[in-house]
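Colleague: Could you take one part of this model and look at it closely, and then tell me how that part sits within the whole? I am still learning to read structures, so please go slowly.

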Amino acid sequence: MTITEVSKKYDITADTLRYYERIGLIPPVPRTKGGVRNYDEDSCRWIEMMKCLRKAGVQIEALIEYVALYKQGDSTLDARKAILVEQRSQLVDRMEDMRASLERLDDKIERYENGLM
């Protein structure tokens, strides 16, 4: 797939895709003989993963480290898992914070609706 097709499919700009590749967030994308990016299934899986993790709030630095470890092979499986476990833990913490904030907002809204400001 071309960068335009991938951009539309994953709702991510072409500039962001190029940036992710340039900083090592996704492995180098295969290219045609003319040098045009030709995203394959593997490239698309990486984009899906990175988009999911970014949406979850995972920092770029952690993702770059994850990809660097991936490139080193199976000897880094435990280290990669540790990164994901840590990021999951941080996400759970953020979700709890958000849940508490939501409850507080709901309570305040209810007080306004009941004239108890």
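**A close look at Gln59**

Modeller: Gln59 is partly exposed, because its relative accessible area is 48%, and a residue counts as partly exposed when its value falls between the 20% limit for buried and the 50% limit for exposed. Please keep in mind that this is a predicted model, and that the values I give are computed from it.

As for its place in the chain, Gln59 belongs to the loop that lies between helix 3 and helix 4. If we set aside the residues up to four places away in sequence, Gln59 touches Arg54 and Gln87. Ile23 gives us another point of reference, since it is 36 residues away from Gln59 along the chain, while the C-alpha atoms of the two are separated by 13 Å.

The two helices on either side of this loop lead us to the nonpolar core, for helix 3 (41-55) and helix 4 (60-72) are among the elements that give two or more residues to the largest one. That core has 24 residues, and those with the most contacts inside it are Val6, Leu17, Tyr20, Ile26, Tyr39, Ile47 and Met50. The elements giving it two or more residues are helix 1 (3-10), helix 2 (14-22), helix 3 (41-55) and helix 4 (60-72), and the largest share, six residues, comes from helix 4. To see one of these core residues in its surroundings, consider Ile47, which, leaving aside neighbours within four places in sequence, is in contact with Val6, Tyr10, Leu17, Ile26 and Tyr39.

Stepping back to the whole protein, we find five helices and zero strands, which read along the sequence as α-α-α-α-α. The radius of gyration is 20 Å, well over the 13 Å that the globule rule gives for 117 residues, so the protein is more spread out than a compact globule. Along the principal axes, the C-alpha trace spans about 70 × 35 × 20 Å.

Burial and surface can be added to this picture: buried residues make up 29% of the 117 residues, and the protein exposes about 8,400 Å², of which carbon and sulfur atoms supply 53%. Among contacts between residues at least 6 apart in sequence, 40% join residues at least 24 apart. Finally, the protein has 20 positive and 21 negative charges, and the mean positions of these two sets are 6 Å apart.

Conventions
Residues numbered from 1 in each chain as written. Predicted model: local features only at pLDDT ≥ 70, side-chain atom pairs only at ≥ 80, totals over all residues. Heavy atoms only, no water. Helix = DSSP H or I, 4+ residues; strand = E, 2+ residues; numbered from the N terminus. Rg over C-alpha atoms; globule rule 2.2 N^0.38 Å. Buried < 20%, exposed > 50% of the residue type's maximum accessible area, 1.4 Å probe, protein only. Contact = heavy atoms within 4.5 Å. Areas by Shrake-Rupley, 256 points an atom, 1.4 Å probe, with all protein chains shown as cover. Lys, Arg positive; Asp, Glu negative; His and termini not counted. Charge placed at Lys NZ, Arg CZ, Asp CG, Glu CD. Core = buried A, V, L, I, M, F, W, Y, C linked by side-chain atoms within 4.5 Å.
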